[in-house]
Amino acid sequence: MPPVLTRQRVRDSFDRAAASYDEAAIVQRQVCQLLLDDFRPTTTPDSILDAGCGTGYGIDLLQRQWPAAQIIAVDFAPAMLAAARRSVDLCIAADIEALPCRDASCSTWWSNLTVQWCDPEAVCREAHRVLRPHGELALSTLGPATFAELREAFASIDQHRHTISFSEPEAIAEALRRAGFAGIRVHRQTVSQHYPDLGSLLRAVKDIGANAVGDGARSGMLGRRAWQRVQAVYERYRTSHGLPARYDVILAYARK
């Protein structure tokens with residue numbers, strides 16, 4: 001049975017991270033730019049729903065790219081949404097699995113590194129519902145190689161879960177097809193961020209709110225010897241840039 005990762009648990013994690021998110025979200029900004037760089041809408045967007053807007057970095061990019069478009073910012077973490085209000089007036093506190101938006105109400109549905117926290121099938125159905133005919137979708141999420149080194153390091157000392165489960169690119173494409181999308185394009189690439197030590201890497205993950213892993217997570221602190229073992233295993237991946245945190249990035253595009 002897959003681990004239970006409640007929506008409330010995810011919401012609480014991102015709420016706590018709102019103050020530290022912008023400084024720590026280096027990879028999230030890189031992926032946001034990658035998503036925009038390969039997004040080629042056939043018509044100029046005039047209303048863009050940013051699904052899982054976080055603190056609003058993507059909003060700023062979208063506004064610069066299409067200054068005449070209305071941006072609709074959606075996030076279910078109140079503290080994240082409060083930060084996004086600095087960038088846009090129309091903010092909606094909602095889960096992107098159940099949007100309080102009219103059918104066919106926007107030209108573009110956009111989401112950067114949010115879908116991995118959701119049911120992809122539910123998200124894609126909602127995206128299809130709120131898009132107008134011929135509306136377009138752009139999303140980024142994470143694949144199963146994300147944090148592979150971290151899982152290996154912790155597997156050396158226990159069988160607890162230390163990351164969430166991530167979808168294969170084919171599963172994202174299939175969710176889009178089932179929702180009714182056409183013209184689906186899916187790309188995959190690796191983005192890495194390096195840290196001086198494992199403690200810094202784990203703090204960075206916590207600072208963006210990405211530390212909720214669901215049932216099966218370790219409930220207590222690691223002992224000294226266990227921590228030293230995890231560090232030693234992870235050190236095998238050290239490069240001249242430091243210890244890598246690997247993100248298996250999936251970029252997907254489709255039209256209604």
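**Helices, a serine and some aromatic rings**

Hi everyone. Let's start with helix α9, residues 224–234, where R224 and R225 are exposed on one side. Before going on, please keep in mind that this is a predicted model.

So which residues of α9 are buried? They are V230, V233 and Y234. These three cover an arc of only 100° around the axis, and therefore they sit on the same side of α9. If you are new to helices, here is a handy rule. An α-helix has 3.6 residues a turn, so residues three or four places apart point the same way. And what do the buried residues of α9 pack against? Their partners are α6 (148–155), α8 (198–207) and β7 (243–255). The two arginines, R224 and R225, are on the other side of the helix from those buried residues.

Now please turn to helix α5, residues 120–130. This one is mostly covered, with 8 of its 11 residues buried. Among them are A122, V123 and C124, and also E126 and H128. The buried residues of α5 pack against three strands and a helix: β1 (47–51), β4 (106–112), β5 (131–142) and α7 (169–179). Have a look at the N-terminal end of α5 too, where D119 acts as a cap. A side-chain oxygen of D119 lies 3.0 Å from the backbone nitrogen of E121.

Strand β4 was one of those partners of α5, and S107 lies in that strand. Is S107 buried or exposed? Its relative accessible area is 14%, and buried means under 20%, so S107 counts as buried. Its side chain has two polar contacts to look for. One runs from a polar atom of the S107 side chain to the backbone nitrogen of D46, at 3.1 Å. The other joins the side chains of S107 and T108, at 3.2 Å. Leaving aside neighbours within four places in sequence, S107 also touches a set of residues including P45, S47, L131, R132 and E136.

Next, two helices that meet. Two packed helices are described by the angle between their axes and the distance between the axes. Here, the axes of α1 (residues 7–24) and α2 (residues 26–37) come within 6 Å and cross at roughly 65°. Y21, D22, E23 and A24 are the α1 residues in this contact, and they meet I26, Q28 and R29 of α2. Sorted by class, that contact has 3 nonpolar, 1 polar and 3 charged residues.

Finally, the rings. How many aromatic pairs are there? The count comes to 6. Take F14 and W117: their ring centres are 5.4 Å apart and their planes are at 85°, so this pair is edge-to-face. F14 is in helix α1 and W117 in the loop between β4 and α5, so to speak two distant parts of the chain, 103 residues apart. F14 counts as buried at 15% relative accessibility, and W117 is buried at 10%. Y234, which we met in α9, pairs with Y237: the centres are 6.1 Å apart and the planes at 70°, so that pair is edge-to-face as well. Y234 is buried, with a relative accessible area of 1%, whereas Y237 counts as partly exposed at 28%. There is also an aromatic cluster, formed by F39, W66, W110 and Y253.

Thanks for listening!

Notes
Residues are numbered from 1 along each chain as its sequence is written. This is a predicted model: local features need pLDDT of at least 70, side-chain atom pairs count only at pLDDT 80 or more; totals for chains, interfaces and linings use all residues. Side-chain values use heavy atoms; hydrogens and water are left out. Axes are lines fitted to C-alpha atoms, for helices over the stretch in contact, and angles run from 0 to 180 degrees between N-to-C directions. Helices (H or I, at least four residues) and strands (E, at least two) are DSSP runs, numbered from the N terminus. Contact means heavy atoms within 4.5 Å. Ala, Val, Leu, Ile, Met, Phe, Trp, Tyr, Cys and Pro count as nonpolar, Asp, Glu, Lys and Arg as charged, and the others, Gly among them, as polar. Buried means under 20% relative accessible area, exposed over 50%, partly exposed in between (1.4 Å probe, protein chains only). The arc is that of the directions from the helix axis to the C-beta atoms. A polar contact is a pair of N or O atoms within 3.5 Å; within protein, one must be able to donate a hydrogen and the other to accept it, and residues adjacent in sequence count only if both atoms are side-chain atoms. Rings of Phe, Tyr and Trp (its six-membered ring) pair if their centres lie within 6.5 Å; planes under 30 degrees apart count as stacked, over 60 as edge-to-face and the rest as tilted.
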